[in-house]
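Please go through the following briefing with the sequence and the coordinates open side by side. The points are grouped by topic, and each can be checked against the structure itself.

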Amino acid sequence: MNVKYRKTVIAGNWKMNMLASEIKPFIDELKPLLPKTKTCETVLCVPAVNVSGMLKQGREAKISCGAQDVSEHDKGAYTGDVSAAMLADLGVKYCIVGHSERRAYYAESDVKVNLKAKKLLEQGITPIICVGESLEQREMDLTMAHINYQIRAALNGIDVSRIRKCVIAYEPIWAIGTGKTATAAQAQEVCCGIRGIIRDMYGARPARGISILYGGSMNAKNAAELLAQPDVDGGLIGGASLKPADFAAIVAATGEGNE
Ligand code: PGA
């Protein structure tokens, strides 16, 4: 982290877990466990049907609501889709795009990820743009080549005034939901590499100011070491965000407002 230049963001990704009726009990349990004067941005990205509930329940605990996906279209005959305008209208602040599960199970291409990020930015919503390599790519030493491609494709046509609004999440696919976390050194190396790509595309100031998160089996035990890395500005947390005590411990591991 480098709190002088950029926001620390701890974002939970509930994926397809938790019922609407479970939000209030979750927040009631989480709230007293959170550090009292936390200055990191705390977000819970929930299924679209739970957005309203999270907006309502999260407010008092100062938890921002995020969505997990958005349509690449503005409106119209796209049965089942949710538009960026619909999310913004409710008050959603963040939305994950390009999560590896969506890329893998819903054939979400880099072109779609780019279109979705742009739709979100038009509505003032921060896209949390996910990138990450497979185990095969890592073993073939293709990690940075792949990440370089994904970042440039996702940000294609997004100008310098809007890059400030974006958050990048580095999530090695082999670490997601596997309990196999990247080492702090591996996370730092790639997050630093991503900052270098942003510098190359937009210049030094936007690169210094953009928040880059790590995701992939981050938990209450390993969070502090990962977050201590200079280019790791927060976390995107799946499994551990479903347990109030674990999620609160990760927020506390940002070291801010810890009493
Ligand atoms: P995990 O998921 O923390 O359960 O590995 C991270 C993610 O998919 O965002």
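## Cysteines, helix packing and selected residues

Cys 45 is buried, with a relative accessible area of 0%. The model is a predicted one, and the points below take up its cysteines, the contact of H5 with H7, the buried residues of H2 and several individual residues.

**Cysteines and disulfides**

- Why is Cys 45 not bonded to the closest cysteine sulfur? The closest cysteine sulfur to that of Cys 45 belongs to Cys 95 and lies 7.4 Å away, which is too far for a bond, given that a disulfide requires a pair of cysteine sulfur atoms within 2.5 Å.
- Cys 192 likewise takes part in no disulfide, since its nearest cysteine sulfur, the one in Cys 191, is found at 8.8 Å.
- Whereas Cys 45 is buried at 0% relative accessible area, Cys 192 is partly exposed, with a value of 37%.
- By the distance rule, the count of disulfides comes to zero.

**Packing of helices H5 and H7**

- Helix H5, formed by residues 110-122, and helix H7, formed by residues 143-154, have axes that come within 8 Å and cross at roughly 45°, and the two helices are therefore oblique to each other.
- On the H5 side the contact involves Asp 110, Val 113, Asn 114 and Ala 117, which meet Tyr 149, Gln 150, Ala 153 and Ala 154 on the H7 side.
- By residue class, the contact of H5 with H7 divides into five nonpolar residues, two polar residues and one charged residue.

**Helix H2 and its buried face**

- Which residues of helix H2, residues 51-58, are buried? They are Val 51, Met 54, Leu 55 and Gly 58, and because their directions fall within an arc of 100° when seen down the helix axis, these residues line one face of H2.
- The cover over the buried residues of H2 includes helix H1 (23-30) and helix H3 (84-90), together with strand E2 (41-45) and strand E3 (64-67).
- Val 51, which lies in H2, counts as buried at 1% relative accessibility.
- When neighbours within four places in sequence are left aside, Val 51 is in contact with Val 46, Cys 65, Leu 90 and Val 92.
- Val 51 and Thr 178, by comparison, are 127 residues apart in sequence, and their C-alpha atoms are 27 Å apart in space.

**Positive phi in two loops**

- Ala 107, found in the loop between helix H4 (100-105) and H5, has a positive phi of about 50° although it is not a glycine.
- With a relative accessibility of 61%, Ala 107 counts as exposed.
- Asp 141, found in the loop between helix H6 (135-139) and H7, also is not a glycine and has a positive phi of about 65°.
- The relative accessible area of Asp 141 is 71%, and this residue is exposed.

**Separation in sequence and in space**

- How far apart in space are Tyr 105 and Tyr 5, which are 100 residues apart in sequence? Their separation is 36 Å, taken from C-alpha to C-alpha.
- Tyr 105 belongs to helix H4 and is exposed, with a relative accessible area of 63%.
- Val 160 is found in helix H8, residues 160-163, and counts as partly exposed at 39% relative accessibility.
- The C-alpha atoms of Val 160 and Gly 203 are separated by 8.8 Å, while the two residues are 43 residues apart along the chain.
- Not counting residues up to four places away in sequence, Val 160 touches Tyr 202 and Pro 206.
- Ala 253 has its place in the segment after helix H12 (244-252), and its C-alpha atom is separated by 9.5 Å from that of Leu 226, a residue 27 residues apart from Ala 253 along the chain.
- Once its neighbours within four places in sequence are left aside, Ala 253 is in contact with Ala 223, Ala 224 and Leu 227.

Technical notes: Residues are numbered from 1 along each chain as its sequence is written. This is a predicted model: local features need pLDDT of at least 70, side-chain atom pairs count only at pLDDT 80 or more; totals for chains, interfaces and linings use all residues. Side-chain values use heavy atoms; hydrogens and water are left out. Buried means under 20% relative accessible area, exposed over 50%, partly exposed in between (1.4 Å probe, protein chains only). Axes are lines fitted to C-alpha atoms, for helices over the stretch in contact, and angles run from 0 to 180 degrees between N-to-C directions. Helices (H or I, at least four residues) and strands (E, at least two) are DSSP runs, numbered from the N terminus. Angles under 35 degrees count as roughly parallel, over 145 as roughly antiparallel, 65 to 115 as roughly perpendicular and the rest as oblique. Contact means heavy atoms within 4.5 Å. Ala, Val, Leu, Ile, Met, Phe, Trp, Tyr, Cys and Pro count as nonpolar, Asp, Glu, Lys and Arg as charged, and the others, Gly among them, as polar. The arc is that of the directions from the helix axis to the C-beta atoms.
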